[in-house]
Amino acid sequence: DPGNAVPGYINASKVIIPYKVDTGELRLTSNNVDGFGWGLGAFYTHQTGTTVVDQPGDTFFFPVLPGTSQAILGALPYLPIDSHVVVPVDTTTYSFNANARYHTGGLTIEGGLRYSIIRGKQTTQLSISSPGNFLACPNFGCTPFSIGPNEIIPANLQRNRIKPLTGGATITYALLPTLNAYAAYGHSVRAGSTGVALPAGISSDLIRTKTEKTNSYEVGLKGSLMDHRLSFTVAGYYQTINGFLSRFPSIYYQAPAASPPSGFADFNYNADAKIKGVEASVDGKLGPNFDFGVGASYAHARFSNAQVPCNDFAGTGQPNQNGQPGVTGAGNVSYCKTNGRLAEVPDFSLSANAEVRFPVGTITPFARALFTYRPGFFSERY
């Protein structure tokens with residue numbers, strides 16, 4: 001019941017998520033500080049468990065008029081429909097890593113690689129039932145029924161196996177005894193997944209996400225002044241994401257005629273993205289009883305010419321909900337091109353804090369202040 005369209009009606013779900021995780025790791029590493037150092041490792045984890053979701057999907061057979069009282073609505077009939085979703089989880093990861101480092105004087109170079117084998121099986125069994133309600137829809141024959149359990153994940157999407165190679169490297173150099181400069185690169189991977197409790201009959205791209213791959217770059221300075229009573233950091237970073245895993249809520253879909261024909265659902269989807277930003281902080285201890293800190297960041301995180309699921313009721317190619325719900329194009333959902341925000345947060349943020357203490361014998365009263373600033377921004381939800 002999005003937006004509480006039916007006053008007093010509560011559409012509540014029950015979710016049970018038990019799981020068991022076994023993990024093992026073996027490491028062998030040198031402990032020398034100067035010169036050449038190295039490390040080797042192996043890692044294993046296995047997760048099992050069965051998630052159970054009970055979700056009502058009741059159908060109303062009457063118009064909900066603005067200003068209609070709750071008492072009148074409560075007297076109008078509807079058809080209770082209950083969904084029971086069972087999601088067994090079985091995921092195993094093996095990984096093997098190696099790293100090396102070299103330190104001499106003010107120079108430190110270190111890096112590492114990890115080879116992983118990630119295997120998973122994801123299925124979803126869906127059951128739908130109703131006690132029926134003859135008064136709700138006498139012309140539709142609303143008698144009790146029970147359907148399922150039926151497997152709703154296609155067989156070719158149930159098993160997933162990837163073998164990513166990830167890693168990174170960092171170079172640090174002491175420009176002064178109290179000032180370090182660094183540069184870092186990292187490559188990471190996030191495995192895709194199969195959606196849970198999705199509508200039956202939709203296309204594979206809406207059911208199973210692909211692997212997300214990220215390359216990140218960062219340079220920065222870290223230092224201190226005034227005999228280490230004042231420390232500071234400043235950094236700039238740039239990140240490219242191939243297939244960013246994002247979630248798009250309340251998207252209108254249309255499925256084939258043999259399936260439940262239409263409705264709203266949440267979909268996970270891959271889309272390219274870029275992130276660039278700077279951040280800085282200053283922390284000080286000016287005297288034994290006065291501390292302060294200031295931190296600020298600017299992060300411009302945007303999709304990069306990405307085609308994503310959207311609501312395009314007017315058929316304009318842009319997100320909108322003008323008119324009756326419908327799908328633009330030949331897919332199960334509408335798709336819109338976007339360079340919009342990855343998250344509903346402003347680009348800039350700032351926080352500052354300070355504390356002053358007044359020791360009196362064995363008692364120390366104090367005064368503390370915290371200031372946080374986040375500017376407004378224009379929000380677009382797809």
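Leu 28, Phe 36, Trp 38, Leu 40, Tyr 102, Ile 109 and Ile 171 together make a nonpolar surface patch of about 680 Å². The model in which this patch appears is a predicted one. Strand 3, which covers residues 35–56, supplies the largest share of the patch, namely three residues. Phe 36, one of the patch residues, is found in strand 3. Its relative accessibility is 54%, so Phe 36 counts as exposed, the limit for that class being over 50%.

From the surface the description turns to the interior. The largest nonpolar core has 29 residues, and Phe 267, Phe 303 and Leu 342 are those with the most contacts inside it. Two or more residues each are given to this core by strand 6 (82–104), helix 2, strand 14 (230–254), strand 15 (262–285), strand 16 (290–303) and strand 17 (306–310). Of these, strand 15 gives the most, with six residues. The surroundings of Phe 303 can be listed in full once residues up to four places away in sequence are not counted: Phe 303 touches Phe 244, Ser 246, Phe 248, Ala 271, Asp 272, Ala 273, Thr 338, Asn 339, Gly 340, Arg 341 and Leu 342. Leu 342 is thus both a contact of Phe 303 and, like Phe 303, among the residues with the most contacts inside the core.

Helix 2, one of the elements that give two or more residues to the core, also holds Asp 205. Asp 205 is partly exposed, because its relative accessible area is 29% and that class lies between 20% and 50%. Two polar contacts are made by the side chain of Asp 205: one with the side chain of Ser 203, at 2.5 Å, and one with the side chain of Tyr 269, at 2.9 Å. Leaving aside neighbours within four places in sequence, Asp 205 is in contact with Asn 268, Tyr 269 and Tyr 335. Thr 194 lies eleven residues from Asp 205 along the chain, and the C-alpha atoms of the two are separated by 9.9 Å.

Helix 2 (204–207) is followed by a loop that runs to strand 13 (212–225), and Thr 209 is found in this loop. Thr 209 counts as buried because its relative accessibility is 7%, and buried means under 20%. The side chain of Thr 209 reaches the backbone nitrogen of Ser 193 at 2.8 Å. With neighbours within four places in sequence left aside, the contacts of Thr 209 are Gly 192, Ser 193, Leu 245, Asn 268, Tyr 269 and Asn 270. Asn 268 and Tyr 269 are also contacts of Asp 205.

Note on methods: Residues numbered from 1 in each chain as written. Predicted model: local features only at pLDDT ≥ 70, side-chain atom pairs only at ≥ 80, totals over all residues. Heavy atoms only, no water. Helix = DSSP H or I, 4+ residues; strand = E, 2+ residues; numbered from the N terminus. Buried < 20%, exposed > 50% of the residue type's maximum accessible area, 1.4 Å probe, protein only. Polar contact = N/O pair within 3.5 Å; in protein donor to acceptor, adjacent residues only side chain to side chain. Contact = heavy atoms within 4.5 Å. Patch = residues over 30% accessible without salt bridge, like charges linked within 9 Å, V, L, I, M, F, W, Y side chains within 5 Å. Areas by Shrake-Rupley, 256 points an atom, 1.4 Å probe, with all protein chains shown as cover. Salt bridge = Lys/Arg side-chain N within 4 Å of Asp/Glu carboxyl O. Core = buried A, V, L, I, M, F, W, Y, C linked by side-chain atoms within 4.5 Å.
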